[in-house]
Amino acid sequence: MKNTHTFHIPVMGIGFTIDTPLKVAQYGIDSVISLVDDILLEKLRKMYCEKHKLPFKEISDKIEDFRAKRITSYLNLISDLCDENFEALKNVTKENEAKLKAYIDMLPKQSILKLEFKKLTENGFNFTELKKWATKNLKKGSIDVNIMTKVDKENYVKGVKLSSEYNDAHAALRGYANSKLCSSVVLSAGMNPRLYSYIEQFDAFYPDINGVIKKKIILKVSDYRSALIQGKFLAKKGLWVSEYRIESGLNCGGHAFATDGYLLGPVLAEFKEKRDELIASTYDLFIQELVNKQKPVPENILPLKITAQGGVGTEEEHNFLMDYYNLDSVGWGTPFLLVPEATTVDDLTLSKLVNAKEEDLYLSDISPLGVPFNNLRNNTKDAEKENLINKGRPGSSCPKKFVALNKEFKETGVCTASREYQHHKIKELDAQNLSLEIYQSKFNKIVEKSCTCVGLGTSALLAYDLDTKTEGAGVSICPGPNMAYYSKIMSLKNITDHIYGRDNMITRTDRPNLFVKELNIYLEYLKAKLEEVKDSMNKKDEKYLLTFTTNMKEGVQYYQKLFGSLKDIFKNAKKDILNELDKSTIVLQQIHSKIEALSKIQTSVA
């Protein structure tokens, strides 16, 4: 069955989409819940049980496998409540017909459902007929979950390390696998072979003879090669990847997994060109392993979706991505942070987002994962961090420890944003007798890490007026660069009307095309990388920078050819886009020359 909508809402932070399905699934909109923070999930489960007068029994962290059990219980509750909402919408009466109309109104204009509804109601509302039609035709949005594969901390009980199935990501996977949801798990942040192998243990990830998979796998990737490697790995386990979700390496929210200069347009073009090859190179491996495992073999070939997300902001861009690259859906993330009817953001953070300009949104090094992180200047979590530095006690108390992955000082692991870790690193620094300038630079690198695993969930607690004694009130927020062009709080109708071209929520007229925006972000990233190594560039650095530059040059050439050939699309912006591409060609050549010049200097010094 085709998707009701041509967009989906990706995972955002830890708490921003934690209950999004409860707000949008009844309208046929797919969304994604983060499974990082079982403590937060448990707090929200208690809140929703009380709100809906349902029995609540706390799952204590003293019981075995508490993390997986908390996740299962939360997902089951969300599933039940979403089902209730959806059933109420379909059971249309005069009193609640507005919800059904809202469902229909939000659909894209080409939707067959919209046309059928119009025909069915042109002579007034026959509620008996409408109920029958709604039950047969309407579809609930998928309640998907996200697991960051690398956030897979080992766990200990009384100093004894537990087996790997109790690692954080493993437990999250088990929590999802044991839930009643029929949906998808989005695996993000790269390949974790041990976690991928663990999926084999759960029957729900395998198809039946009709090709139905209760729990599907979505891989979030930034390039074709990564998709092929991971897809083959899973196929050899008898596991089918139902969707490859392509995300811009840098023009996105949250953690930014930069490619080696591969730009979104050329990456999408490669997926379009090699879609059949991707299926062919994984499907036989997949079927063979199902036979080896004596699992049911589907009678027909299983479908494979290709979707994309990162920086899209207009109906024209949305439709172009869908049509030109044959996508199944486009992800809209950042703008939804300004939609309280869809996401969960506290009022103070909302006002900061509304007022954010380009200079307020930047790629930072604050993440303890050591991955570039899209950040908002002057967020309250960073203010909390600066306050501790000024008091001479840098670092977080690390109340949740989800990213306690560094084993430099402790076998059980500590987080690089923690007070414990930063105390050790500063002590080491003090013993090195460095000049004040070098000392300050290294000191800043240590203390810039922020407690994001707490900060990215706190907003939900504040929004619902829940206790933040353990977490503190500081909020980390991770919008993409696109946030600069949205300046008002929107309703769900506002944003869906914007996506489908029935309204315009962008008041500024200077928003660049999504491909140009990503290109410029990559140029700044490349310049920063060159600056980092300019005084000590080795052969490895040189090879990386030249490869990056070459890939970007090829990307620009692809765009020049693409935009030069487009006739009726991006007409108003085409001239500006081609000018920006010409400028980028010059900048890339300058960077290339600088890399070669530095290489000669290093060679002569050696």
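Which residue in strand 8 does Lys 220 stand opposite? The partner is Arg 245, and the views below show where this pair sits.

This is a predicted model, in which local features need pLDDT of at least 70, side-chain atom pairs count only at pLDDT 80 or more, and totals for chains, interfaces and linings use all residues. Residues are numbered from 1 along each chain as its sequence is written, and side-chain values use heavy atoms, with hydrogens and water left out.

**View 1. Strand 7 and its cover.** Strand 7 spans residues 215-221; strands (E, at least two residues) and helices (H or I, at least four) are DSSP runs numbered from the N terminus. Of its 7 residues, 6 are buried, meaning under 20% relative accessible area with a 1.4 Å probe, protein chains only.

**View 2. Strand 6 beside strand 7.** Strand 6 (residues 183-188) runs parallel to strand 7, joined by 5 bridges; strands pair if DSSP finds at least two bridges between them. Here you can find Val 185 opposite Ile 217. The chain passes from strand 6 through helix 8 (residues 193-198) to strand 7 in a right-handed β-α-β crossover: with the strands pointing away from the viewer, the path from the first strand over the helix to the second runs clockwise.

**View 3. Strand 8 beside strand 7.** Strand 8 (residues 241-247) also pairs with strand 7 in the parallel sense, over 5 bridges. Look here for Lys 220 opposite Arg 245. Helix 9 (residues 224-235) completes a right-handed β-α-β unit with strands 7 and 8.

Definitions and conventions. Buried means under 20% relative accessible area, exposed over 50%, partly exposed in between (1.4 Å probe, protein chains only).
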